[in-house]
Amino acid sequence: MKRILTGDRPTGPLHLGHYVGSLMNRARLQSEYETFIIVADVQTLSTNFAHPEHLPEDVRRVTLDNLSVGLDPGKVSIFIQSMVPQIAELTVIFSMFVTVNRLRHNPTIKTEAGQHGFEDNMTYGFLGYPVSQAADILFCRADLVPVGEDQMPVVEVSRFVARRFNELYGEVFPEPEGLMSETARLIGLDGQAKMSKSLGNCIYLSDTSEEVRKKLMSAVTDPARIRKDDLGHPEICTIFSYQKAFNPTEVCDIEERCRAGTIGCVACKKRMIEVIETILGPIRERRLQFEAPGMVEEILRTGTEAARQEGERTMEMVREAMHISYFQR
Ligand code: TRP
Ligand code: SF4
């Protein structure tokens, strides 16, 4: 079976943007691929090194988010990055042949540096996080990496690392492919380009029905629609973009009626709430099951053990290829 590796930084709850961008693909592909899900706690420190005290709770939360969308812990290994030492070992080795320029010109690094105000003053770890992410992906010799579109340039670095390693030392790694979902990104509730925790414009997988209702009812629509028979422009409406993402069977009809002024925004929003509730309802139920005491810890323990074993297999191949396997076992 081919392998998937993907995952998240534990920085807070996951939202519908993560769901359409990557989580749906994880759930869909878990039976076709041997799947590893990384909870990238060390990567969180690339921007948040001053506040490690939030990690235990955030690690638990992001694990629950993954389980709640239907990842089956019997099939999938969910593990904690810092508990797999082989990832740190590979990071050091890879960092020897990735140039600083390659990292500085990486589009994701540039964008994120801008967001954090790091342009002229970034840490070694922040600049190098694509290298560490290459180690996240390659420690288990993954073939496929389902991610949102903003992560594609980072996956590109891991493709480079795999190719370069193989060229330098011999064939060890597959060149992993990024897999972007059809809905590349989800617009925020406020109409901003992206649903993002820092912008506070998200519907979280863990939101209650009441929270979802409130958020959707107050989302921005087409400002030209004051009365319900005003002609609408769905292409500029946030709710419409969600109809496209989550309600494929009705979206054409809604578009026509919006343009013709025969559906009001309130009715349209109410329909959207129902559709999103059909997605979030089962997610909430699964979350509840996994919230039983000790369950998340056990799942992470088992997943991390599986990851370490795979990491050690990879390290043996790496040491062999690099002639640094000094002691015969
Ligand atoms: N960088 C990813 C994010 O911010 C999280 C991540 C860490 C990841 N390691 C990974 C994603 C390996 C895919 C593969 O969302
Ligand atoms: Fe948006 Fe629906 Fe209102 Fe049209 S009817 S503007 S798609 S909320």
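Which atom of ligand 1 has a polar side-chain atom of Gln-43 lying 2.7 Å from it? Let's go and look, keeping in mind that this is a predicted model.

**Stop 1: the ligand.** Select ligand 1 and Gln-43, and you have your answer: the partner is a nitrogen atom of the ligand. Now add Gln-151, where a polar side-chain atom sits 3.0 Å from a nitrogen atom of ligand 1. Next, click on Arg-9: an N or O atom in its side chain is 3.1 Å from an oxygen atom of the ligand. How much of the ligand does the protein cover? Of the 370 Å² of accessible area that ligand 1 has on its own, 88% is covered.

**Stop 2: the shell.** Show everything around the ligand and you'll have 14 residues on screen, with Arg-9, Gln-43, Gln-133, Asp-136 and Gln-151 the closest. Color them by type: 6 are nonpolar, 5 polar and 3 charged. Then highlight strand 1 (3–8) and helix 8 (129–138), each of which supplies at least two of the shell's residues. Strand 1 gives the largest share, with 4 residues.

**Stop 3: helix 1.** Jump to residues 16–29, the 14 residues of helix 1. From first C-alpha to last, helix 1 reaches 18 Å, close to the 20 Å expected at 1.5 Å a residue. Center your view on Ser-22 and look for a kink of about 50°. Is helix 1 mostly covered or mostly uncovered? Mostly covered, with 10 of its 14 residues buried. Try selecting some of the buried ones, including Leu-16, Tyr-19, Val-20, Leu-23 and Arg-26. Ser-22, where the kink is centred, is also one of the buried residues.

Conventions: Residues are numbered from 1 along each chain as its sequence is written. Chains are lettered from A and ligands numbered from 1 in the order in which they are written. This is a predicted model: local features need pLDDT of at least 70, side-chain atom pairs count only at pLDDT 80 or more; totals for chains, interfaces and linings use all residues. Side-chain values use heavy atoms; hydrogens and water are left out. A residue is near a molecule or strand if one of its heavy atoms lies within 4 Å of it. A polar contact is a pair of N or O atoms within 3.5 Å; within protein, one must be able to donate a hydrogen and the other to accept it, and residues adjacent in sequence count only if both atoms are side-chain atoms. Accessible areas come from the Shrake-Rupley method with a 1.4 Å probe; for residues, only the protein chains shown count as cover. Ala, Val, Leu, Ile, Met, Phe, Trp, Tyr, Cys and Pro count as nonpolar, Asp, Glu, Lys and Arg as charged, and the others, Gly among them, as polar. The expected span of a helix is 1.5 Å times one less than its number of residues. The bend at a residue is the angle between axes fitted to the seven residues ending there and the seven starting there. Buried means under 20% relative accessible area, exposed over 50%, partly exposed in between (1.4 Å probe, protein chains only).
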